[in-house]
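Subject: Structure for your review

Dear colleague,

Please find below the structure that I am handing over to you. My findings follow directly after it.

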2 protein chains.
Amino acid sequence: MAKQKDGFVERITPQSEDFSRWYTDVIKMADMVDYSDVKGAMVIKYYGYGIWELMQREMDDRFKATGHKNAYFPLLIPKSLLEKEAEHVEGFAPEVAWVTKGGGEELAEPLAIRPTSETIFCSMYSKWIQSHRDLPVLLNQWCNVLRWEKSTRPFLRTSEFLWQEGHTVHATEQEAEEETKRMLGVYVDFAENVLAIPVISGRKSEKEKFAGAMHTYTMEALMLDGKALQMGTSHNLGQNFSKGFDIQFLDKDDQLKYAWQTSWGTSTRMIGGIIMVHGDERGLRLPPKVAPVQCIVVPVAQHKEGVLDAADKLCGELKAAGIRAEVDSRDQSPGWKFNEWELKGVPVRIEIGPRDIENGECVVFRRDICEKQSEPLAGITEKINGLLADIQAGMLQRARDFREAHTFEATDWNGFMEGIEQGHGFVRAMWCGDAQCEADIKEKTGVTTRCMPFEQKQLSDVCVHCGKPAKTMMYFAKSY
Amino acid sequence: MAKQKDGFVERITPQSEDFSRWYTDVIKMADMVDYSDVKGAMVIKYYGYGIWELMQREMDDRFKATGHKNAYFPLLIPKSLLEKEAEHVEGFAPEVAWVTKGGGEELAEPLAIRPTSETIFCSMYSKWIQSHRDLPVLLNQWCNVLRWEKSTRPFLRTSEFLWQEGHTVHATEQEAEEETKRMLGVYVDFAENVLAIPVISGRKSEKEKFAGAMHTYTMEALMLDGKALQMGTSHNLGQNFSKGFDIQFLDKDDQLKYAWQTSWGTSTRMIGGIIMVHGDERGLRLPPKVAPVQCIVVPVAQHKEGVLDAADKLCGELKAAGIRAEVDSRDQSPGWKFNEWELKGVPVRIEIGPRDIENGECVVFRRDICEKQSEPLAGITEKINGLLADIQAGMLQRARDFREAHTFEATDWNGFMEGIEQGHGFVRAMWCGDAQCEADIKEKTGVTTRCMPFEQKQLSDVCVHCGKPAKTMMYFAKSY
């Protein structure tokens, strides 16, 4: 274990003492975000934004590989447009920020800052789509959205946030359903293989689905405090919007038909997930695939001749091998730097000093398990590349183990309550599907339905709460 | 020359007849943008957005290579913050859209949708910067901004547009000035070597500089109708904002000093420049470096056995060689497809039919000069890669030739007027530097000062308009 000096870690609230304060300490001290002068709006600093850029690149490649293209639709949506789909406006209107003045004049009609963009996409789709030849339409956009929130937390719930939103149009119900599931699959692959976050995927209850959707699929991850985080959702909109916005096409059989639609989104909220799934008492631990700095090179006794040169040379070799590496040559002690880069979650640290150089060696520290050992400088880039892959895989495995250890199965109400109290995690149980029963469970326990997993098991024949015939296995948890 | 069939081109207004209508015909028919339900807001369709994505990648790489990092600052700026720098708010307040309601309630203080983000960056910089060790700060953000415009044109002037804005902070005036010029240099390199648009670079007059800046550098390009387009600007903000926002740092000499700042920006407006510098009667001509499709493969007699397979194989080889290639196998005639891809400005088209396949050949059409010839299929990828480089270089050269042929030098007022009337282009002439003289010239001719070029010549000793002693050589033009 590295020695802890210079006081960084002492200033982070321990996870066990107050997880919520640990979270805000870490994001602030790791320089990910800061609070702005507008309540609920965050400034994403470059270290936090660098993570988002890497996430964007990985996701965008996957969207394009599945045939989607990016476009950009306007920020402002006229009130009348937002109101065209009844459930949708009911769901979003309370959270909308309204522009009422522009260019020194009162506007005739208030304009909503987009809380999501179904309505403006649909207004264009009704112009663009005439024939089955125009289908499918497979668009995505990367943008900011705004939802007026009463209580906010950086990344997890802020008024403005960054996201991507896919909006697709199809000729048949089946194609739309396939697309909805395909994109949830893309999200699951991204969460597990890039963010190293294992997820439960499945369908939302009627109450928890997206306002205006026929149904919503979701992926849910378990945080270290035992709460669930919804990481991404994919909605089958059915014909709800195509009917509200008159999106009709002439099909091959010469019939005029309403189109079938989907929408799907993920946001900067996922960064909160990375922090709360992987972080520890020293701060962040970043999965190598989204770490802006994958390997930090810290020169030891850097004032001595040849040390900085050796560090620069090593860093150059790492970069040439495709590793995101940097040298930290600031005028601070090595111990101070060790602590800072551990706090920032950099997966690998290399320490190199005069004796190491003499011996043709360096010291390699891996952040995930906080162990270090000497390695020969010869072949170091292959070594580090291998180590980064190991760390990526190990982080996913540890997160999976944690989730399994914090997932409980209940077949009766006592078991359910025990699971919640002892476990701080997911409880899976059979459920009747009734909205009132769902509300009662929430009222009694603070726990909400997370999803009906695609992988179902018949744990019993009756609802864990009300005893009526069971319709589905459901994951329950407290959630963000 | 390819035969023109199927009526596409006939529907584009000729440039010579009405350049402005030609522009709107092209952007609409080439599927770059559409108009939304909000006045002055455009939908950037995927073909237009694809160009922007390529531009972003090229610029972002250059920003990072010069030491900048990306961050994200909030969309909404409190009124009181916007008002902290007097000239700045005076310049921007008339164009601001105001949010006055959120979450169902009237806001205590109106929030501006950012027209530009100096004020919100500065409010954070005043918190973050304490010591000379914190400097320089070199940040950029990619985002949307909004300026309420009375008359709008897609890409050139819209209420909402996409851009990047760099905001940097330095310890000395000299460093800030170097940064201001460095980033204009990055823009010039990008314009010429990526967009194939030659630019005149220099300094803006006092009247034309950015609201709140000490001075502004600009790059100006000449459109085919003889009007200038400002393509990007870089501002030395001096200490204007650091004094308004109290951005002070403790310098090495233990003195508390106000910081020196810069900001610089380019936007989707540049896409308008690409269209108006390179377009012709058939539509767009895209520089290969920003063409979403660089090479379109059109199968001829595609119903015949082996044709589609050969087209797909060829396309696969092109892609493997790093060329953005696609096969157009839609159920349309080859002539229809030729016209469409010419309209969309794809740099190279390959036609391949049964006879070509038999002969081991294909037909290669280059969009820039609209010529085609047969080429052997063997070694075709190297051929196309070379051709794309030739087209890129040729487009820059032709644009440069056009600009030279439309730039006039005037040493007296008659010559100035002649230059404007016959030339439709830049007029360079000596100028006294007086704001009233500048206003008079605009009043009489509709021509504005574009920039005092870095490369100065002493054309005469007196101002071309008022006859007072000349201070500088200035470029004048009508402008967008």
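Two residues are taken to be in contact if their C-beta atoms, placed from the backbone, lie within 7 Å. Please note that this is a predicted model.

On that definition, the contact between the chains takes 42 residues from chain B and 43 residues from chain A. On the side of chain B that touches chain A, strand β5 (residues 97-102) gives the most, with six residues. The residues on that side of chain B divide into 26 nonpolar, eight polar and eight charged.

The β5 strands also pair across the interface: β5 of chain A (residues 97-102) and β5(B) run in the antiparallel sense, over five bridges. Within this pairing, Gly102(A) stands opposite Ala97(B).

As to symmetry, a turn of 180° with a shift of 0.0 Å along the axis lays chain B on chain A with an RMSD of 0.0 Å. The two copies are therefore related as by a two-fold rotation axis. The same surface serves both copies, since 100% of the contact residues of chain B recur in chain A. Which residue of chain B comes closest to the rotation axis? That residue is Val99(B), whose C-alpha lies at 2.1 Å from the axis.

I turn next to the sheet in chain B. This is an open sheet of 11 strands with mixed pairing, in the order β3-β7-β8-β14-β11-β10-β9-β22-β23-β21-β20. Strands β3 (69-70) and β20 (407-409) of chain B stand at the edges; each has a single partner strand, so one side of each is left without a neighbour in the sheet. Helix α6(B) packs on the sheet and touches β8 (160-170), β9, β10 (215-222), β11 (228-238) and β14 (260-267) of chain B. The direction of α6(B) makes about 165° with that of β11(B). Within the sheet, β9(B) and β22(B) (residues 448-453) pair in the antiparallel sense over two bridges, and Gly202(B) has Pro453(B) in β22(B) as its bridge partner.

Several points of backbone geometry deserve your attention. In chain A, the peptide bond from Leu135(A) to Pro136(A) is cis, with omega near -5°. Pro136(A) is placed in the loop between α5 (118-128) and β7 (137-146) of chain A. In chain B, the bond from Leu135(B) to Pro136(B) is likewise cis, with omega near -5°, and Pro136(B) is found in the loop between α5 (118-128) and β7 (137-146) of that chain.

Two residues of chain B other than glycine have a positive phi. For Ala196(B), phi is near 60°; this residue sits in the loop between α6 (173-193) and β9 (200-203) of chain B. Is Ala196(B) buried or exposed? Ala196(B) counts as buried because it has 27 C-beta neighbours inside 10 Å. For Asp246(B), phi is about 55°, and the residue lies in the loop between α7 (240-245) and β12 (248-250) of chain B. Asp246(B) is partly exposed, with 13 other C-beta atoms within 10 Å.

Finally, Arg282(B) is placed in the loop between α8 (269-278) and β15 (295-299) of chain B. Arg282(B) counts as buried because it has 20 C-beta neighbours inside 10 Å. Arg282(B) and Arg11(B) are 271 residues apart in sequence, and their C-alpha atoms are 9.7 Å apart in space.

With kind regards

Notes. Residues are numbered from 1 along each chain as its sequence is written. Chains are lettered from A and ligands numbered from 1 in the order in which they are written. This is a predicted model: local features need pLDDT of at least 70, side-chain atom pairs count only at pLDDT 80 or more; totals for chains, interfaces and linings use all residues. Helices (H or I, at least four residues) and strands (E, at least two) are DSSP runs, numbered from the N terminus. A residue is buried if 20 or more other C-beta atoms lie within 10 Å of its own, exposed if 12 or fewer, and partly exposed in between; C-beta atoms are placed from the backbone. Two strands pair if DSSP finds at least two bridges between them. Axes are lines fitted to C-alpha atoms, for helices over the stretch in contact, and angles run from 0 to 180 degrees between N-to-C directions. Ala, Val, Leu, Ile, Met, Phe, Trp, Tyr, Cys and Pro count as nonpolar, Asp, Glu, Lys and Arg as charged, and the others, Gly among them, as polar. Copies are superposed by least squares on the C-alpha atoms of residues with pLDDT of at least 70 in both.
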